[in-house]
Amino acid sequence: MSTDPPEVSEALRRRLDLPMTFVSDARGELMDRLGVRDRDAAPGFVADRSRDLFLPTSFLLDEQRTIRWLYRPDTFRVRAPAREVVAEVEKLG
């Protein structure tokens, strides 16, 4: 899930040749429900836009859109380890 518009995520998916779909939540509505918005977390020099950041939470959903794996850090500075994400994707088949 990303706050990027769907066309941006789709371009990334194609460029990386990934066999999956990215979910777009451009306004952050679902991410707010999931509690992954870090309010006012952006550095003070960010003046012309929201200072909110979304925690780089990773969700893997199955074909029925059920969350099968979730990685939710406590800070926007941490990302899911790529090897861990790949291992979880492989478990889903």
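**How the labels are earned**

Analyst: The secondary structure of the protein chain adds up to three helices and four strands. This is a predicted model, where local features need pLDDT of at least 70 and side-chain atom pairs count only at pLDDT 80 or more, while totals for chains, interfaces and linings use all residues. Residues are numbered from 1 along each chain as its sequence is written, and side-chain values use heavy atoms, with hydrogens and water left out.

User: What makes something a helix or a strand, and how are they numbered?

Analyst: Both are DSSP runs: a helix is H or I over at least four residues, a strand is E over at least two, and numbering starts from the N terminus. Going from the N terminus, the protein chain reads α-α-β-β-β-β-α.

User: How do you know that T57 counts as buried or exposed?

Analyst: Set its value against the cut-offs: buried means under 20% relative accessible area, exposed means over 50%, and partly exposed is in between (1.4 Å probe, protein chains only). T57 has a relative accessible area of 10%, so T57 is buried. Buried residues make up 24% of the 93 residues in the protein chain.

User: Where is T57, and which residues does T57 touch?

Analyst: T57 sits in the loop between β2 (53-54) and β3 (58-61). Not counting residues up to four places away in sequence, T57 touches V36, L70, Y71, R72 and P73. Touching here is a contact, which means heavy atoms within 4.5 Å.

User: What does Y71 touch, and where is Y71 placed?

Analyst: Y71 belongs to strand β4. Leaving out residues up to four places away in sequence, the contacts of Y71 include P56, T57, S58 and E84. Also, Y71 and L60 are 11 residues apart in sequence, and their C-alpha atoms are 9.1 Å apart in space.

User: Why is D17 called exposed?

Analyst: D17 comes out at 66% relative accessibility, which is past the exposed cut-off, so D17 counts as exposed. D17 is in the loop between α1 (6-16) and α2 (29-33). Its phi is near 55°, a positive value in a residue other than glycine.

User: And what makes R65 exposed?

Analyst: R65 has a relative accessible area of 72%, so R65 also earns the exposed label. The loop between β3 and β4 (67-71) holds R65. The phi of R65 is near 65°, again positive in a residue other than glycine.

User: Why is I67 called partly exposed?

Analyst: I67 has 43% relative accessibility, which falls between the two cut-offs, so "partly exposed" fits. I67 lies in strand β4.

User: What makes the nonpolar surface patch, and about what area does the patch have?

Analyst: L61, I67 and L70 make a nonpolar surface patch of about 250 Å². Patches are made of residues with over 30% relative accessible area and no salt bridge; like charges are joined within 9 Å, and nonpolar side chains (Val, Leu, Ile, Met, Phe, Trp, Tyr) within 5 Å. With its 43%, I67 clears the patch cut-off for area.

User: How do you know that R14 forms a salt bridge with E10?

Analyst: A salt bridge is a side-chain nitrogen of Lys or Arg within 4 Å of a carboxyl oxygen of Asp or Glu. The closest N and O atoms of R14 and E10 are 3.2 Å apart, so the pair qualifies. Side chains of opposite charge can pair when their charged atoms come close. R14 and E10 are four residues apart in helix α1, so about one helical turn separates them. R14 is exposed at 56%, while E10 is partly exposed at 27%. E10, R13 and R14 are linked in a network of salt bridges.

User: What makes R27 and E29 a salt bridge?

Analyst: The N to O distance between the side chains of R27 and E29 is 2.8 Å, so they pass too. R27 is exposed at 63%, and E29 is partly exposed at 45%.

User: Why do K91 and E88 count as a salt bridge, and how are they placed in helix α3?

Analyst: The closest N and O atoms of K91 and E88 are 3.1 Å apart, so the definition is met. The two are three residues apart in helix α3 (residues 82-92), so about one helical turn separates them. K91 is exposed at 65%, whereas E88, at 15%, is buried.

User: How many salt bridges does the structure hold?

Analyst: The structure holds five salt bridges.

Definitions and conventions:
Accessible areas come from the Shrake-Rupley method with a 1.4 Å probe; for residues, only the protein chains shown count as cover.
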